[in-house]
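The following exercises are to be worked with the sequence and the model in view. Each task is followed by a solution in steps.

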Amino acid sequence: MTTALLTPMAGSFGPVSDADLAARFATGDDQALREAFDTYGGLVQHFCRRSLAGAAEADDATQQTFVSAWRTRERFDPERGSLPGWLLGIARHKVIDTLRAAERRNGLTHRARQEVAVATPRATATGPDPLVDRLLLADALRSLPPDQRRTLELAFFDDLTHPQIAQVTGLPVGTVKSHIRRGLLRLRDRLEETAP
Amino acid sequence: MTHLDDTTLALAALGEPPTADDAAHLDTCVACREELARLQHTVDVARTVDPTELDVPAPAESVWDAIAAEVAEDGIATASEPSDGAARDGVVRLAARRPAPMRPPRWLSLAAAAVVIVVALGAAFAFLGRSDSSSGREIALAAIGDGDAAGRAKVVDRDDGSALRVDTTGLAPLADADYELWMMNPDTDSFVSLGTVQPGVRGDHPIPAGVTVKTDPYVDISVEPRDGDPAHSTVSVLRGHF
């Protein structure tokens, strides 16, 4: 990656290429690990940095996530969930391990960032995690075609109605409704396919 | 009855009020209400996203270098092991592992993580320090719960492959059940059975190809009822960690 921001490569994201990468990862394709890192590395790193106080610890957790994922790739079933969802599940375990190791070393509750759902001893390692859902959805939103992404951003974050979006963007109302429909359905599918 | 189309449901999920006719349909139609609920959940999650975080930085290339280096070690380590013929740079994994997907109850992952805190204190004294070589390093197995059971485990190399040498003390004889030995990794839900353990008898248990103290660092001895269920019973008596 030569750019500082993780921006989708034109035409390379979308249902077909997501599923293709997931399938190739599961079967151990030589290039798939690097591609998974390029595609989802930012997402995993972002999750680890949100959950751990130190950037070095977060980078280590990111590294361990991809190493573990590769070593256990036969356990990833593309039929049952998405590759980013599975990766974040592993990342969550790594974050928990790091926090517990720090507790043992320091004898103190490790200072963690805000999303302490993963840090509390009673948190299940496998239950739903709002942070994971949020990051997966953000990743899905990032990878929508730009028109759908922009339309939904206006609807989600600026609370514009579809006629207002048409006015602001200059697009026909019918086109706006189409972007909303296709984009929201795609986001719903990505959220619902999250690996357990 | 015609159901509401996706566009109508999507707009309703975003909070735009439906027409009177559409609202009336929703009142009477469970299927459309369920579809709407799924979309509303998606919108709810989306609205928790911080828009300024939508573009996340890519990790540094050095993170990739570290990943590639660690994965390459696996390839080197397993190059001399029998493979299925495909040359891969990753770990040669488990034709020898349990064939059917065994899914122990989810809480075992949490229990394993919680117990590590207890076991780590005991194992710390037997822990001779981080070493990249697993062969020869001995770990202590500590009792889970009450009891005087204890044990030791270490990897030994034999002509026909690696084995886990296990000694135990204080395990009571069982009726209609066996002690079973496992190498596990709760992070990846990996539970590999190494066979049964006889109390008080030292045993060398062959380790299946592809299983190492890096991939499955926890050693566990469980009580397995003779019920025909090969999955881990979740009742552990001894556990240690490489």
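The expected span of a helix is 1.5 Å times one less than its number of residues. The model used here is predicted.

**Exercise 1.** Determine what span helix α3 of chain B should have, and compare it with the distance between its end C-alpha atoms.

*Solution.* Helix α3(B) covers residues 30-47, which is 18 residues. At 1.5 Å a residue, the helix should therefore span 26 Å. Its end C-alpha atoms lie 25 Å apart, in agreement with that value.

**Exercise 2.** Identify the buried residues of α3(B) and state what covers them.

*Solution.* Buried means under 20% relative accessible area. In α3(B), the buried residues are B:Cys32, B:Leu36, B:Leu39, B:Thr42, B:Val43, B:Val45 and B:Ala46. Their cover includes α5 (130-142), α6 (146-157) and α8 (173-192) of chain A. From chain B, α1 (6-13) and α2 (20-28) are also included.

**Exercise 3.** Locate A:Asp159 and B:Asp176, and establish whether each is buried or exposed.

*Solution.* Most residues other than glycine have a negative phi. A:Asp159, however, has a positive phi of about 55°, and B:Asp176 has one of about 65°. A:Asp159 is in the loop between α6 and α7 (162-169) of chain A. B:Asp176 is in the loop between β3 (161-169) and β4 (177-185) of chain B. Exposed means over 50% relative accessible area. With 54%, A:Asp159 is therefore exposed; with 62%, B:Asp176 is exposed as well.

Notes. Residues are numbered from 1 along each chain as its sequence is written. Chains are lettered from A and ligands numbered from 1 in the order in which they are written. This is a predicted model: local features need pLDDT of at least 70, side-chain atom pairs count only at pLDDT 80 or more; totals for chains, interfaces and linings use all residues. Side-chain values use heavy atoms; hydrogens and water are left out. Helices (H or I, at least four residues) and strands (E, at least two) are DSSP runs, numbered from the N terminus. Buried means under 20% relative accessible area, exposed over 50%, partly exposed in between (1.4 Å probe, protein chains only). Contact means heavy atoms within 4.5 Å.
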